[in-house]
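Me: Got a minute to go through this one with me? I'll put it up here.

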Amino acid sequence: MIINKTRCSLALILIFFCSSGLLMAQHTVVSRVWTPTWAAAMQTAEPEMHSPNITFEDQSVRNVIRIRVGGSKVRVHLSNLFGQEPLHLQNVTAGISYHDDHLIEGSVHPLLFGGKPDVEIPAGSAAVSDPVDWDVPSDSLLAVSFYVQHFHGWITFHRSSYEISYTNEGKVSDSAQWKNAKKIPSWYFVSGIDVLTPHSHPVVVAIGDSITEGACSVPNAEHRWSDILTARLNENASTRDFVVLNEGIGGNRVVKDSAGPSLLARLDRDVLSQSGVRTVILLEGINDIGRTVIPRQTGDAVTADEIIAGYQTVLDKLHRKHIRVIGATVTPFKGAFYFSEDGEKMRQKLNAWIRAKGHFDAVADFDMAARDPKLPDHIAARYDCGDHLHPNDDGYRVLGRSIDLRLLAPSGK
């Protein structure tokens with residue numbers, strides 16, 4: 001009996017410690033979350049500027065993409081949003097690039113879709129790869145590559161990436177260096193990359209037109225204003241975990257479809273579909289102004305009040321999701337091909353509304369940062385890339401530095 005009681009006591013003690021250990025383990029489990037580390041706004045070729053039909057025949061494509069946050073797993077978003085026929089991609093892989101057509105040896109990972117190495121994306125649809133176990137470092141250049149045997153029709157891409165990618169003839173192995181690869185200025189079919197991280201990262205979405213996209217900036221230099229903002233956030237202890245996604249489209253408009261769907265039409269896809277979005281920085285309106293005064297086609301014209309109503313619709317929709325919206329004032333454009341005095345009056349009206357209290361949650365005064373103090377309807381010569389509309393790299397630098405980080409910090413400090 002004594003032996004039995006002792007055994008029972010020991011058993012109870014073991015059960016107690018095992019149960020305590022399980023409870024402790026449950027409390028120390030690290031929850032991991034999918035974080036968007038890169039995204040690009042999808043568009044199709046504009047019929048008035050290009051043929052919307054693009055043909056791929058027996059070609060490999062390598063999209064080179066800068067990600068800002070690393071993680072323990074990776075998944076890639078592919079899109080055939082504007083396609084009118086199925087898109088069949090083969091040999092889809094991701095690896096780390098040297099910033100050219102070479103990949104770091106041993107870094108290439110096959111991407112599977114439902115366990116299969118190929119994926120067929122129906123017209124108007126998208127696909128997400130299976131998660132890949134991969135400790136990818138922060139601030140890496142990822143190369144997302146695939147082979148296209150045949151595709152002809154309306155393309156889904158981001159036309160002006162300001163990051164050099166590549167295409168090559170035939171099915172090229174990712175383990176080999178691409179020889180005689182052709183440089184391309186666009187990202188094809190790739191719309192986003194997520195990484196699995198130990199905790200959530202506050203996401204800032206920069207959305208707008210070519211000035212957000214980075215027009216005139218040096219390719220591969222990461223000198224867009226969103227890149228400058230990212231660098232500043234990384235240097236600040238209270239904002240180091242932030243991720244900035246650039247959802248700019250050159251030629252984009254607030255209320256009318258132009259280069260890609262309008263801001264109103266793409267807000268759900270490019271902002272609300274992203275996880276962890278805390279803040280949106282909105283810079284858009286100059287193309288609505290320019291194409292009203294110098295229309296390319298019937299129906300281009302809008303009024304300043306219609307643009308403002310578009311801003312309000314964006315604010316209402318994002319505020320319902322508890323997302324802060326920073327309004328960036330529209331930058332000067334006198335001397336640009338579509339400048340007019342009537343257009344300048346529209347710009348002044350928009351900026352007055354953006355700056356007024358009770359509309360945006362905060363203001364990034366890009367107009368003040370970029371303009372010539374003596375000629376306030378002109379972009380300053382030292383910031384002008386030459387077309388009197390887009391900043392040069394120094395201009396993007398001053399825009400990125402003009403944003404008060406206290407507007408983005410978790411505590412507001």
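What follows is a quick chat about a helix pair, a sheet and one proline in this predicted model.

Me: Helices first. How do the axes of H6 and H7 cross?
Reply: They cross at roughly 30° and come within 9 Å, with H6 covering residues 304-320 and H7 residues 341-355. Angles under 35 degrees count as roughly parallel, so that is what H6 is relative to H7. The crossing is right-handed.

Me: And which residues of H7 make the contact?
Reply: On H7, Met-346, Lys-349, Leu-350, Trp-353 and Ile-354. The H6 side includes Ile-307, Ile-308, Tyr-311 and Leu-315. Taking both helices, the contact has 9 nonpolar residues, 1 polar and 2 charged.

Me: OK, switching to the sheet. What's the strand order in the open one with 5 strands?
Reply: S16-S15-S17-S18-S19, with parallel pairing. S16 (243-248) and S19 (362-364) are at the edges with a single partner strand each, so one side of each has no neighbour in the sheet. On average, neighbouring strands are turned by 25° against each other, ignoring direction.

Me: How many bridges join S15 to S16?
Reply: 6 bridges, with S15 being residues 203-208. One pair is Ile-207 with Glu-247 in S16.

Me: Last thing, Pro-36. Buried or exposed?
Reply: Buried, at a relative accessible area of 2%. Pro-36 is in strand S1, residues 33-39.

Me: What is Pro-36 in contact with, beyond its neighbours within four places in sequence?
Reply: Its contacts are Ile-193, Asp-194, Val-203, Val-243, Leu-245, Gln-274 and Ser-275.

Conventions. Residues are numbered from 1 along each chain as its sequence is written. This is a predicted model: local features need pLDDT of at least 70, side-chain atom pairs count only at pLDDT 80 or more; totals for chains, interfaces and linings use all residues. Side-chain values use heavy atoms; hydrogens and water are left out. Axes are lines fitted to C-alpha atoms, for helices over the stretch in contact, and angles run from 0 to 180 degrees between N-to-C directions. Helices (H or I, at least four residues) and strands (E, at least two) are DSSP runs, numbered from the N terminus. Angles under 35 degrees count as roughly parallel, over 145 as roughly antiparallel, 65 to 115 as roughly perpendicular and the rest as oblique. A crossing is left-handed if the near helix is turned anticlockwise from the far one by less than a right angle, and right-handed if clockwise. Contact means heavy atoms within 4.5 Å. Ala, Val, Leu, Ile, Met, Phe, Trp, Tyr, Cys and Pro count as nonpolar, Asp, Glu, Lys and Arg as charged, and the others, Gly among them, as polar. Buried means under 20% relative accessible area, exposed over 50%, partly exposed in between (1.4 Å probe, protein chains only). Two strands pair if DSSP finds at least two bridges between them.
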